[in-house]
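Thank you all for coming; I will put the sequence and the structure on the screen and then walk through what was computed from the coordinates. Please hold the discussion until the end.

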Amino acid sequence: MQTWVDRFPGRLERELEEFRERGLAFELDRRQLEEQGRVVLRGGLEWNGEEFELEIVYPDLFPYFRPEVYAPDLQLDRHQNPYGHNLCLLDRSTRAWNPSDTGAWLVAEQV
């Protein structure tokens with residue numbers, strides 16, 4: 001089965017470049033990409049003087065569906081799934097995500 005990386009040549013590179021352009025230090029988990037065809041990026045952000053880790057997991061149907069952003073070390077009262085630790089960054093409607101949006105945009109503008 002073809003992954004979105006194969007179906008949309010250059011899109012993964014565009015995603016990674018936008019993270020760099022926005023000054024977001026996230027690394028691609030190449031092992032997951034090679035072994036499972038999954039795109040997962042890991043990095044950190046600073047908030048209120050503290051560093052916290054994020055994991056961005058791209059769905060198989062990217063760019064038509066948005067990536068999930070997980071903050072495994074955070075315990076928020078709101079806007080975070082208490083079990084999976086994924087963050088609620090956009091409205092649930094599919095209209096909240098445009099296929100031209102990027103994971104870097106999601107992190108930089110919504111987190």
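R11, at 10% relative accessibility, counts as buried, where buried means under 20% relative accessible area, exposed means over 50%, and partly exposed is in between, computed with a 1.4 Å probe and with protein chains only. Its partner is E15, and the two side chains meet in a salt bridge with an N to O distance of 3.2 Å, the term standing for a side-chain nitrogen of Lys or Arg within 4 Å of a carboxyl oxygen of Asp or Glu. E15 is buried as well, with a relative accessible area of 0%. The two residues are four apart in helix α2, residues 11–21, and so about one helical turn separates E15 and R11; helices here are DSSP runs of H or I with at least four residues, strands are runs of E with at least two, and both are numbered from the N terminus.

Before I go on, a word on provenance: this is a predicted model, in which local features need pLDDT of at least 70 and side-chain atom pairs count only at pLDDT 80 or more, while totals for chains, interfaces and linings use all residues. Residues are numbered from 1 along each chain as its sequence is written, and side-chain values use heavy atoms, with hydrogens and water left out.

Staying with charged pairs, how many salt bridges does the rule give? The count comes to seven, and the general background is simply that side chains of opposite charge can pair when their charged atoms come close. One of them joins E35 and R31, with the closest N and O atoms 3.5 Å apart; both residues lie in helix α3, residues 30–36, and they are four residues apart, about one turn of the helix. In contrast to the buried pair I began with, E35 is exposed at a relative accessible area of 59%, and R31 is exposed, also with 59%. There is also a network, in which salt bridges that share partners join E18, R22 and E109. Within that network, R22 and E18 form a salt bridge whose closest N and O atoms are 2.8 Å apart; R22 counts as partly exposed at 33% relative accessibility, whereas E18 counts as buried at 16%.

Let me step back to the overall fold. The chain has four helices and four strands, and read along the sequence they follow the pattern α-α-β-α-β-β-β-α. Of the 111 residues in the chain, buried residues make up 41%.

Which parts of the chain come together across the sequence? V107, in helix α4, residues 103–110, is buried with a relative accessible area of 2%, and its C-alpha is 7.8 Å from that of V69, although the two are 38 residues apart in sequence. G23, in the loop between α2 and β1, counts as exposed at 63% relative accessibility; G23 and A108 are 85 residues apart in sequence and 9.3 Å apart in space, C-alpha to C-alpha. Finally, W47 in strand β2, residues 40–47, counts as partly exposed at 48%, and W47 is 9.7 Å from V111, C-alpha to C-alpha, with their positions 64 residues apart in sequence.

Next, the loop between β3 and β4, where P63 is placed. The peptide bond from F62 to P63 is cis, with omega near 10 degrees, and as general context, most peptide bonds are trans. Y64 lies in that loop too, and Y64 is exposed, with a relative accessible area of 52%. Together with L61 and F65, Y64 forms a nonpolar patch on the surface with about 340 Å² of accessible area.

The last item is the second largest pocket, which holds about 150 Å³ of space. Twelve residues line that pocket, and the closest to its centre are R66, E68, L87, C88 and L89. By class, its lining has seven nonpolar, two polar and three charged residues. For the terms in these last two parts, patches are made of residues with over 30% relative accessible area and no salt bridge, like charges being joined within 9 Å and nonpolar side chains (Val, Leu, Ile, Met, Phe, Trp, Tyr) within 5 Å, and accessible areas come from the Shrake-Rupley method with a 1.4 Å probe. A pocket, on a 1 Å grid over the protein atoms alone, is an open set of points where a 1.4 Å probe fits, with protein on both sides within 12 Å along at least five of seven lines, and lining residues have an atom within 4 Å of a point; the volume is the space filled by probe spheres set on the points. In the lining classes, Ala, Val, Leu, Ile, Met, Phe, Trp, Tyr, Cys and Pro count as nonpolar, Asp, Glu, Lys and Arg as charged, and the others, Gly among them, as polar.
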